[in-house]
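Here's a quick walk through a two-chain model, meant to be read with the viewer open. Take a look first, then read on.

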Amino acid sequence: MRVSVVAFFKKKRSRGLVGTGNQDRGILVFENTSEVIQAENVLKAKGWNIRVKGPPPEIRKGCDLVIEFPLIEELNILRTLQEVNVSPLQVVPVNSPLLQPVDLFQTKDFGRYLMVRAANMKLTVDKETQKIVNISGGGCPDVPYLAREMVGRPLMKAPIPREIGHTLCGYALQLAYEEMKRLCLPS
Amino acid sequence: MLAVVGTIPEEDFPLVTGEVCLDTDSIRLGDRRVSVNRGTPALLAAAIRTGEVLGLPLPYAYLVGDIGLGHGSRRIYEHLVRDLPDSRFSVLTFHYLQPDVDWHNKVLFAVEEMNPRPILIADAGFMYAAKMSGQSNAYELFTPDAGELAFLADEEAPHPFYTRGFILHDENRVPDLITRAYEHKNAARYLLVKGGEDHVASKEGVHAVIDHPVNEALEAMGGTGDSLTGIVSALIASGMETLEAAILAGRINRLAGHLADPSPASQVIEVIAHIPRAMEEVLSKVGYRDDKISSEKASPINPDMTIVDILSRYRQTEAVFKQYDERAGVCLCCQALFDPLKEVAHRYGLNLAKLISDLKVAAKG
């Protein structure tokens, strides 16, 4: 019996499909075990897919337990913890605990308009009216949602990404928003 | 047929599937209407406009509401795992979805069960998941912007938010970032990098830089990347080879943007409205020769391609080769898998022009 060439390649490729495990997970580091337990209870009660585990060797701060969580949902999880006054000391990706959130901004002046980019998110404001005229970039589903809620509103009256966003894209937009406020608004 | 998987920024928007049409400034799927401002509706609107010019059927869509909580994305992933193995699409484009490595891999397994296997395009959140899963090479095309390219180039970063500073720099380093992304196997077969200049690249290097017309306002406008992905998806669904489609899509999107005469406050629907006119100009090759492209690489099926080359790009052509087995008197895929078409035709007395024509028809799906 002749084996289909396409089936052969398909089989070969399928064998290579092995999940890498924890690439999309993050770690919450707390001051003490009591906070870990409190955070675990809150997050599990809200239905998050989390795990309590020992910390990786790179983590020097905090207690000897950490919470592993879906990294993409960092913004939403931090907000949930803030509501019960349990904030982590550190939030880091599982695979590379030494990585830091982006702190590099690109700014582009279009004359009347000013654009600030943080990581994959861009925020553009009309300098005369301080109205948000565009939000672009980002690939998480809260980006179109954030754009719908924020575009067309003045910078100071628009909803804040940290409060209505849910993902790391929302977090990046928050950084762009803060930088924009720093550039546009009197201190 | 093109199928698009994405989300709508409304929490209670149900999971809907089916053909999508454009109705003035909204897309319509059954009795559901969604205004086109950015995101997956913008991608679909651009694909529909492109398809109208090319005479393509309406795209099929899998849509669900998701505002970043991930609930809708997980529902659509679950649906895809059940639905895809029995579905037939020539191109499958994944868009704004909550990145989730486990679900990504389950969906990719479902794709592998499809016959024929569709050409895979990933943008936005699903592209992040593809990179994180280490499965970028399962994809024909990624369409990152400069920030996302830096993320692909950073082998450590699990999300653009964590891209390291020494990698995340200005666009002048795009070719370096492309090289780094391929070195670490974090890029699809082709990359279409959106930006001040659009770059079309593969592991062989940058094939084309599309830098005109220039309209800086487009960088600020939400949805212009979505429209680009919609255009290139439709062009590939028309049977066009990916390299050629990516270059043309870059030119069409830029020209449509230019024709819209935008400011940084303009909305993407204004760009999408100009796609048909931009396509007419670009496809009639006004200014097209200026691109730095090798015509040999951009050709679709040609006499110098081997059977295995063609099968790996267009799985559905296997049936054509089987049809020619009887005329050749041998199993072509068994006896001549690594031979160029022109040699195969000469050796077995086949009409080369007819064979190529039949293969092109099959490749269009």
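How many Å separate the centres of domain 1 of chain A and domain 2 of chain A, taken over C-alpha atoms? The answer is 27 Å. Before going further, keep in mind that this is a predicted model, where local features need pLDDT of at least 70, side-chain atom pairs count only at pLDDT 80 or more, and totals for chains, interfaces and linings use all residues. Residues are numbered from 1 along each chain as its sequence is written, while chains are lettered from A and ligands numbered from 1 in the order in which they are written.

**Domains**

Both chains are split in two, with bounds that come from an automatic or database domain assignment.

| Chain | Domain 1 | Domain 2 | Source of the split |
|---|---|---|---|
| Chain A | residues 25-93 | residues 105-184 | domain assignment |
| Chain B | residues 2-296 | residues 307-363 | domain assignment |

In chain B, the domain centres sit 31 Å apart, again over C-alpha atoms. Back in chain A, here is how its two domains meet. Domain 1 of chain A puts six residues into the contact and domain 2 of chain A puts in eight (two residues are in contact if their C-beta atoms, placed from the backbone, lie within 7 Å). The domain 1 side of chain A has three nonpolar, one polar and two charged residues. For those classes, Ala, Val, Leu, Ile, Met, Phe, Trp, Tyr, Cys and Pro count as nonpolar, Asp, Glu, Lys and Arg as charged, and the others, Gly among them, as polar.

**Chain A and its helix 4**

Chain A holds six helices and eight strands; helices (H or I, at least four residues) and strands (E, at least two) are DSSP runs, numbered from the N terminus. Of the 187 residues in chain A, 42% are buried, where buried takes 20 or more other C-beta atoms within 10 Å of a residue's own, exposed takes 12 or fewer, and partly exposed is in between, with C-beta atoms placed from the backbone.

Helix 4 of chain A is mostly covered, with seven of its nine residues buried. Among them are Tyr145(A), Leu146(A) and Met150(A). The cover includes strand 8, helix 5 (161-164) and helix 6 of chain A, plus helix 1 of chain B. After helix 4 of chain A comes Gly152(A), with a positive phi near 95 degrees.

**Where the chains meet**

Chain A gives 55 residues to the contact and chain B gives 62. On the chain A side, helix 1 of chain A supplies the largest share, six residues. That side divides into 25 nonpolar, 19 polar and 11 charged residues.

**Two spots in chain B**

Helix 1 (residues 39-54) and helix 11 (residues 275-283) of chain B pack at about 50 degrees, with their axes 9 Å apart. Helix 1 of chain B is therefore oblique to helix 11 of chain B, as angles under 35 degrees count as roughly parallel, over 145 as roughly antiparallel, 65 to 115 as roughly perpendicular and the rest as oblique. Axes here are lines fitted to C-alpha atoms, for helices over the stretch in contact, and angles run from 0 to 180 degrees between N-to-C directions. Residues meeting there include Ala46(B) and Val53(B) from helix 1 of chain B, and Ile275(B) and Met279(B) from helix 11 of chain B.

Now for Pro300(B), in the loop between helix 12 (295-298) and helix 13 (307-313) of chain B. Why is Pro300(B) buried? Because 20 other C-beta atoms lie within 10 Å. Leaving aside residues up to four places away in sequence, Pro300(B) touches Met240(B), Glu241(B), Lys360(B) and Ala363(B).
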